[in-house]
Structure formats: C-alpha cells, structure tokens
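User: I am new to this structure and should be grateful for a close look at a single part of it. Please describe the place where the two chains meet, together with what lies beside it.

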Amino acid sequence: MHVEVDQPKCVASGQCVLLAPDVFDQDDDGIVELLDADPSPEHHDDVRESAAVCPAAAIRLAPR
Amino acid sequence: MTETVSHAPDDLTEFPMPRAARCPFDPPEALRARQTEATLSRVRIWDGSTPWLVTRHDQVRALLADPRVSSDVTRSGFPHISPGSKAGSEVRRSFINMDDPEHSRMRRMVTAPFAIRKMQALRPEVQRIADDLIDDLLAGPKPVDLVQAFALPVPSLVICALLGVPYADHGLFQRHTKVLVRRSSAPEDVSAASAALTDYLDALLAEKQAHPEEDLLSDIATRQVATGQLTRQQAARMGVLLLAAGHETTANMIALGTLALLRNPDQLDVLRAADDPKTVAAAVEELLRYLSIVHSGRRRVALEDITYAGVTIKAGDGIVLAGETANRDPEVFPDPDRLDLGRDARRHVAFGFGVHQCLGQPLARMELQVVYSTLYRRVPTLALATDIERLEFKHDGAIFGVYELPVTW
Ligand code: SF4
C-alpha cells in the first residue's frame, strides 16, 4: 500500500491522526502530514478507514 | 402527534417533518419513508420554496463533498432554515457560509487549536472541569436540572477557556445563542442577538489586541487582525460562530446522550464498566450516530446542474441533507435504530462531511469522552427525576436536544 496526502485539500478534522497515528500527523495548523508513505500491513486497515472517513478526500491510496 | 406518511415521490411534504412522540430519538417516519426511495425528492420549507431532500448515507456524503454544491447563504435559492437565519445571513456571514477558496483561507486561521495533540494537552483541564462540576452536583440539592448544572457548563467553560472569553459573561452569550438556534425566533430578534454577540466579541478582540493572552482570540487579534488578513468585524463574526457552536452542540449531546443511555441501561453499563479509551471512543461515535443532534438538515444550493440519483438538480436549486436519516441508513449501519455502543459507527455524518465538516470535532470528541467516562461512574445511581413524556424536546431548534433534564441519584 502506498499513501499520498493532498495538504491543500485537508480540513484538519484530525480523523486520520486518531485512527492511524503511526502514519499520519498534523502540522502546527492541524493540516495532515504523512509520516509513512508505505505503511506496514498491520496499519493497512486503519489507513483504509482513514481514507474512508476523511471528509475532504485528502488521502489517496495506491497498491504497490 | 400524528404523522402523514406519503409515498408519492413528488408529494411536497413540509420539512422539517414532525417527529413521533413515541420515540424522541428516531427521525420522523415520513422522513424515513423517503430513504427507501432511490431517487431524490422535494420537500416544501417555511418560505414555500421546494428544495431537494437527501436522506441516504451515500447520497448525503457524495453531495456534501461535491464542489458543485455551495454553502453560500447569500446565493439565491439557498434553502434557509428559518426567516431569522435568512434575515441575518449577510451580517452573520462567516466561513461556514462561504465556498472555497475564501472558506479555506479563513478556516485555516482557526484550525491550529483543534489539532489532536492540542486536544490531548487540554484533556486534563476538561477532566478537572467535569470533576469540579460533579463535586458541586453531588453536594447540592436534588433533583437538579442536568442541563444547567452540568451539560451546558462543561462545554461553555471549555470553549471560553480556549477562546479567552470571560466565563463570567456566560449569561449574556448563552441568552443570545438561544435566540440564534431557535427556528421560531423572530427575524428582528435574531438580528439583534447576532449584533449583540458581534459587538461583544468585537470589544473583546480590541482588548486582546492591546493586551494579548494565551488564547485563540488573542491569536486572531494579533496575527490576522493586526496584519489586515481579517477585519475586526470578520474576526468578531468568527468568534461568534466558534462560541455559539461550542455551546449548543456538545451541551445537547451530553443531555440527550444521558437520556438515551438511561433508556438503554445495558448500554449505560457498557460505559460504566469501560476502562479503556477505545471502548469510550467507540461509544462516543455511536452516540453521535444515534442522536445526530443536527436534525434540521444541512443546507446547500447547487452551483450548476447536477445529475444525481435519477434526477437533475438544477443550478440554483436548494438542497437539504438529512444527516439524522443518513446516520440511520440500514445499508451502512445494520439494525440502525438500536443504540449499540460496541458497533463501528465511525462513518456517521453527525459532524457533516466534505470541506465544511465540523472544525471543532476533535474538541467535541474529547469533551464527550471525558464526560461519558466520568459522569455515570461518579454518579452510578443517576436516574431521570421525571417521566420522559414530560420532557420538552427542542423540536423547534436547529440543534436537537432537551430544554431541561431533571435528574436525581
Ligand atoms: S482526515 Fe482528511 S481532512 Fe482530516 S486531518 Fe486527515 S487528511 Fe486532513
């Protein structure tokens, strides 16, 4: 799984950080920061859920 | 209360529809009936206009996230919630009623304090606030109105601390906020209440500009107002929005949530026994799903023709998105009318969806987690001190809840 985030789209809801804190963080303004673009399999479910609940479609997933 | 259920797709039922007295937590039957229809249909609102009604979870999420759908209250065709909200829409305009890029530019000025790490840092303070109020509650007379004694002061004290608003003024801003969220408020009362609140925030911002402290209003005053990115008027409107939103929503979640739990004792036991943050966090999501709180529909207007779910929404058509039925959509939440704190409810739309999704949701989540994991444990015999039939529900509110919740223990 490969993860990309689109910071201009992010609305700082923080949901991805709650779900997958090893993969996503927030900068000082609350905007998403990607900690790990190629998370290990144990994080995949949480990352998929993050993409599903992200209100701004700011998280894109690609298989690899 | 009786209900007229109509199955004709183009029947122009009035919206909002009356809720059945039988269960105050369930959306109106007539609204649920629309959910079984695949296509969108229209309703009639207070001003005689006939916006599209959206009830299904997938449709609500898709349209709330659609850039061709506008939140701009000044556009013609926008389906206002009440005469009051229409009358004051221009003067009250803040980022929730704007579209990108203006919306995003202004919203980002105030996202910083709501980041998850900041919320974690604030949690002990919220816990202290909740504990102090429960101490007072237990030391005081019973029965007591839980709304006044606890449900309202918790979010009020927290949002005041965060914004830097003196809590001593709470009588003033709670009085005006009440007028703003009632659909039945007269337009001139809504205008007067917004003007009073804006003036109050404007004066406070002036003071913060001269003597900044460690709070959000000081930040806005010294960063955005001082540099000309925001006029003080715009900043004051933003302050009104944050102050009002911080009050009504969480307070209703606490009071109505408590009532729902008292009616579902097995679920209340789940919370009392919970000793891990995950169980509590899941319970909060389920209560958000089950109660929804925003029961008057999220309001939008189409910017261009949108063909969706078998119909063409024309440019300028109003759109009303019913989150309370989306949150009870059986396609997404099996057995949706059951309050089940163990289910995965994260995909609820209680905070909305799309770029306007609630800015304060990390704060609301944290407050509710603290409250739900504290109140019922510290007051284990908490019980309703009246019949549920005697409670007055906020049927005329933009946010659903109870006006009073008499409790004893
Ligand atoms: S869930 Fe989406 S909008 Fe929310 S912080 Fe993460 S990327 Fe941003």
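Analyst: In this predicted model, the contact between the two chains draws 23 residues from chain A and 20 residues from chain B. Together the chains bury about 1800 Å² between them, and 47% of that area is on carbon and sulfur atoms. On the side of chain A, the residues that lose the most area to chain B are Val11(A), Glu49(A) and Pro55(A); together these three account for 26% of what that side buries.

Glu49(A) also takes part in a salt bridge, its partner being Arg346(B). The closest N and O atoms of that pair are 3.5 Å apart. In total, three salt bridges are counted between chain A and chain B. The polar contacts between the chains comprise 14 residue pairs, with both residues at pLDDT 80 or more.

Val11(A) and Pro55(A), named above for the area they lose to chain B, are also among the residues around the ligand. The other residues there are Cys10(A), Ala12(A), Ser13(A), Gly14(A), Cys16(A), Val32(A), Cys54(A), Ala58(A) and Ile59(A). By class, this shell holds nine nonpolar and two polar residues, and no charged residues. The space that the ligand takes is the second largest cavity. Val11(A) and Pro55(A) thus belong both to the ligand's surroundings and to the part of chain A that loses the most area to chain B.

How values were computed: Residues numbered from 1 in each chain as written. Chains lettered and ligands numbered in written order. Predicted model: local features only at pLDDT ≥ 70, side-chain atom pairs only at ≥ 80, totals over all residues. Heavy atoms only, no water. Near = heavy atom within 4 Å. 1 Å grid on protein atoms, 1.4 Å probe; cavity = no way out; pocket = protein on both sides within 12 Å on 5 of 7 lines; lining within 4 Å. Sits in = over half its atoms within 2 Å of the grid points. Nonpolar A, V, L, I, M, F, W, Y, C, P; charged D, E, K, R; others polar. Contact = heavy atoms within 4.5 Å. Buried area = accessible area lost by both parts, 1.4 Å probe. Salt bridge = Lys/Arg side-chain N within 4 Å of Asp/Glu carboxyl O. Polar contact = N/O pair within 3.5 Å; in protein donor to acceptor, adjacent residues only side chain to side chain.
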